[in-house]
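Thank you all for coming; I would like to walk you through one protein chain, slowly and with the terms explained as we go. Please have a look at it first.

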Amino acid sequence: ALNRHPIDHARIATATTASSSSSSAPLPPPTPKAAITQFHQKYLRMHSANLHAHFAENPADFAEYHRVREETMAGYKPEDTPHHIVVTELSRLAAGRRRKTVVDMGCGLAKLGKHFANTPLDFLNYDHVAADDSVRVGDIARLPLEDGCADVCVLSLAMWGPNKIDYLKEAYRLLDHGGRLVILDSTTRWSEVNAEGVIEEGTEGAKLRSLLQKEGYDVVRERI
C-alpha cells in the first residue's frame with residue numbers, strides 16, 4: 001500500500017484492482033461469464049457520450065447487462081465481489097458522525113446507496129439509466145453538480161470507454177479539498193501483460209496508480 005500525507009488541496013484515492021481469474025474465488029458459471037465478456041467487448045470501447053445515447057434508446061440492454069453481471073458475481077465468494085470490497089472501504093468513512101456526500105459514478109443498481117441507507121453517507125447515484133427512483137440519469141464524464149460538492153466519489157467497475165480519464169477529471173472536480181475517490185477496476189486492464197496474457201510481476205495495477213497520480217490524486221491505500 002502507498003501511505004502518504006496528502007499534499008495541500010489534494011484529493012485522495014483508494015485504489016483497488018481485482019483479477020477476474022483470482023485463484024481465491026471460484027470461476028463463475030461459463031454462460032454468464034461468456035455473456036459478460038461479450039458485453040464488455042462492446043461497451044468498454046464506446047465513448048461515454050455514445051454509450052449514454054445507446055442506453056437511452058435501448059434501456060433493456062442496460063437491464064440485461066446488469067442481470068448478467070449479477071449472475072456472474074453470484075459465482076464468487078461474497079467477500080471477493082466488487083460490492084463487498086467497496087462497502088468495506090466506505091464503511092471506514094461511515095464510522096463518524098459528520099454527514100458526507102457520496103457521488104456514485106456509474107452506480108448500476110444503486111446497491112451501495114441502499115446498503116448505506118440510514119448512515120451518515122448521503123448518496124447521489126448516477127448512471128446512464130435509472131434503475132429506480134434513487135438513480136439520476138447522466139453521463140458520468142459530465143455531471144450537473146457543483147465543484148467541490150462531494151466528500152467521496154466512487155468509480156466501481158465504471159472506467160469504460162476511450163474517455164475514461166474524463167471520469168477521473170470529473171471526480172476531481174466534484175471532490176472537496178481532501179475528498180476521497182474510491183476506485184475499483186480489473187487488475188489486468190491496468191497492468192503490463194505478456195504475450196500469454198499473464199500479468200508481469202511487479203506491474204500489477206501500475207497503470208492505474210500512475211494515472212491517478214498524474215491527475216492530482218494522492219494514493220493512500222491499495223488492494224490488489
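Let me begin with a term: a residue is called buried if its relative accessible area is under 20%, exposed if over 50%, and partly exposed in between, using a 1.4 Å probe and protein chains only. What you see is a predicted model, in which local features need pLDDT of at least 70 and side-chain atom pairs count only at pLDDT 80 or more, while totals for chains, interfaces and linings use all residues. Residues are numbered from 1 along each chain as its sequence is written, and side-chain values use heavy atoms, leaving out hydrogens and water.

The chain has 7 helices and 7 strands, which are DSSP runs numbered from the N terminus (helices are H or I, at least four residues; strands are E, at least two). Of its 224 residues, 47% are buried.

Now to strand 6, residues 175–186: because 9 of its 12 residues are buried, this strand is largely enclosed by the rest of the structure. Strand 6 pairs with strand 5, residues 150–156, in the parallel sense over 6 bridges, where pairing requires that DSSP finds at least two bridges between the strands. One such bridge links Val-154 to Val-182 in strand 6.

Finally, the largest nonpolar core, meaning buried Ala, Val, Leu, Ile, Met, Phe, Trp, Tyr and Cys residues joined through side-chain atoms within 4.5 Å, has 26 residues, and those with the most contacts inside it include Val-103 and Leu-181. Helix 6 gives the most to this core, with 4 residues.
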